[in-house]
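Reader: Please show me the model. Then take me through its strands and rings.

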Amino acid sequence: MSAPRTMTGTPLPVVLAGARGHGRRHVDNIRRLAAKGLVRLAGICELTPLTEDEFGGELPEQSADLGALLDSTGARAAVISTPIPTHTALALTAAERGVHLLLEKPPAPSYAAFRRMADGVAAAGVACQIGFQSLGSHAVPAIRDLIAEGAVGRVTGIGGAGAWVRPEAYFRRAPWAGRRRLDGVDVVDGALTNPLAHAVATALALAGSIRAEDVAGIETELLRANDIESDDTSCVRVTTAQGGSVTVAATLCAERADEPYVVVHGTSGRITFWYKQDRVLLQRADHGPEELRFDRTDLLENLVAHLRDGTELLVTPDDTGAFMQVVEAIRTAPDPEPLPDDAWRRAPGEGRRVVPGIDALVAAAADRLCLYSELGAPWARSAHHHLPEEVSTR
């Protein structure tokens, strides 16, 4: 998309909405880019103002009202790292003022809210980058090239695996944490839609199925060991419009934390991508294994480059349409099934719940492109939900 250009050499004034929690990473990144002369932190939008001690230095202007803050600071871009249900309204507040956006993932809690945001941003003519940082990895186009070259033969499917650990306190860190709805508003804070959303988005990207219309059907199995509304142990299988299969399994109740990954299965090999590490393992017939490492482009830096010289945005809203179809399938699925008491245990001294055997099941799901129920997990059979109907793209 074309976008208004900023003056070359002038730091882009940026407002950050949500500077606590995950927002601290954005504070650090904005400082990094400010040191390079690319951006200037013009303001922070927080309901409770930060103190200088908390911020770690002299504070810019602060306000709980994003629109007023954008007006008073003259910011040209906004980074939105606020609770999921607020994303659409805040993005539109910025877009209406001609302010460009880096919007954290997931971009919205429902497909309707996503469409409202994406259409509003497009109508306003502002640039919008969605914060799937893994899609800034140079490994993504490299893997696509390997697939196109036939390095692993014909692709038979793509798997994703995320085995993470989270204490019970993780689900109490904010009122919306671990919720599907809050005060009648969609939240959809599940393992696949928030903490391990990158596994889903990255798998879809490697499948070449990123837009809403690229999805033909979705199956979900949503379960929970913790006393929450949302899923903490789940899997999803997406059938693409081209007839391909993308299966991603995730848990926040692993026996031990592991690096999440996406794996491309081919008729003569496989490509494994540990997306947080930008590390790729290429295994193919008649070749020794090859390990490859890649750099990545920071998404805010890419947005600045887009505004300065027209560099193509890496993750536009339309590029996350297929991911949002998965969010919508999870939102509209029956509420996650509680795991039976004998399917989980408490980790001594760690304040967290563990599902014995789940690490192997997550890996097997990604390896065999199977759902938990198909792998023989007795507690998953009643959680299966299939959405084969035509997907909405508006």
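Author: Helices (H or I, at least four residues) and strands (E, at least two) are DSSP runs, numbered from the N terminus. This is a predicted model, where local features need pLDDT of at least 70, side-chain atom pairs count only at pLDDT 80 or more, and totals for chains, interfaces and linings use all residues. Residues are numbered from 1 along each chain as its sequence is written, and side-chain values use heavy atoms, with hydrogens and water left out.

Reader: How far apart are the end C-alpha atoms of residues 15-132?

Author: The UniProt annotation "domain: Gfo/Idh/MocA-like oxidoreductase N-terminal", from an unreviewed entry, covers this span. UniProt positions follow the numbering used here, feature names are shortened, and annotations may be inferred rather than shown by experiment. Residues 15-132 are 41% helix and 20% strand, and the end C-alpha atoms lie apart by 19 Å.

Reader: What percentage of residues 142-271 is strand?

Author: An unreviewed UniProt entry annotates residues 142-271 as "domain: GFO/IDH/MocA-like oxidoreductase". The end C-alpha atoms are 11 Å apart. Helix makes up 13% of the span, and strand 36%.

Reader: Which are the edge strands of the open sheet of six strands?

Author: Two strands pair if DSSP finds at least two bridges between them. The open sheet has parallel pairing and the order 3-2-1-4-5-6. Each edge strand pairs on one side only: they are strand 3 (61-63) and strand 6 (128-130).

Reader: Which residue of strand 2 does Val14 stand opposite?

Author: Strand 1 (residues 12-17) pairs with strand 2 (residues 39-45) in the parallel sense. Six bridges join the two. Opposite Val14 in strand 2 stands Leu41.

Reader: Why is strand 13 largely enclosed by the rest of the structure?

Author: Buried means under 20% relative accessible area, exposed over 50%, and partly exposed in between (1.4 Å probe, protein chains only). Tyr261, Val263 and His265 point one way from strand 13, and Val262, Val264 and Gly266 the other way. Strand 13 is largely enclosed because, of its six residues, the number buried is six.

Reader: What is the bridge partner of Gly159 in strand 13?

Author: Strand 7 (residues 155-163) and strand 13 run antiparallel. Six bridges join them. In strand 13, Gly159 has as its bridge partner Val263.

Reader: Which residue of strand 14 stands opposite Val262?

Author: Strand 13 and strand 14 form a hairpin, with two residues between them. The two strands run antiparallel and are joined by five bridges. Opposite Val262 in strand 14 stands Phe273.

Reader: How many aromatic pairs does the structure hold?

Author: Rings of Phe, Tyr and Trp (its six-membered ring) pair if their centres lie within 6.5 Å; planes under 30 degrees apart count as stacked, over 60 as edge-to-face and the rest as tilted. By that rule, the number of aromatic pairs is five.

Reader: What is the angle between the planes of Tyr170 and Phe171?

Author: The two rings form an edge-to-face pair, 5.1 Å centre to centre. Both Tyr170 and Phe171 are buried. The angle between their planes is 85 degrees.

Reader: How far apart along the chain are Tyr261 and Trp274?

Author: The Tyr261 and Trp274 rings form a tilted pair, 6.4 Å centre to centre, with 50 degrees between the planes. The pair links distant parts of the chain, Tyr261 in strand 13 (residues 261-266) and Trp274 in strand 14 (residues 269-274). Both are buried. They are apart by 13 residues.

Reader: The charged end of which residue sits over the ring of Trp274?

Author: A charge sits over a ring if NZ of Lys or CZ of Arg is within 6 Å of the ring centre and within 35 degrees of the ring normal. Arg173 lies over the face of Tyr170, at 4.0 Å from the ring centre. Over Trp274, 4.0 Å from the centre of its ring, sits the charged end of Arg279.
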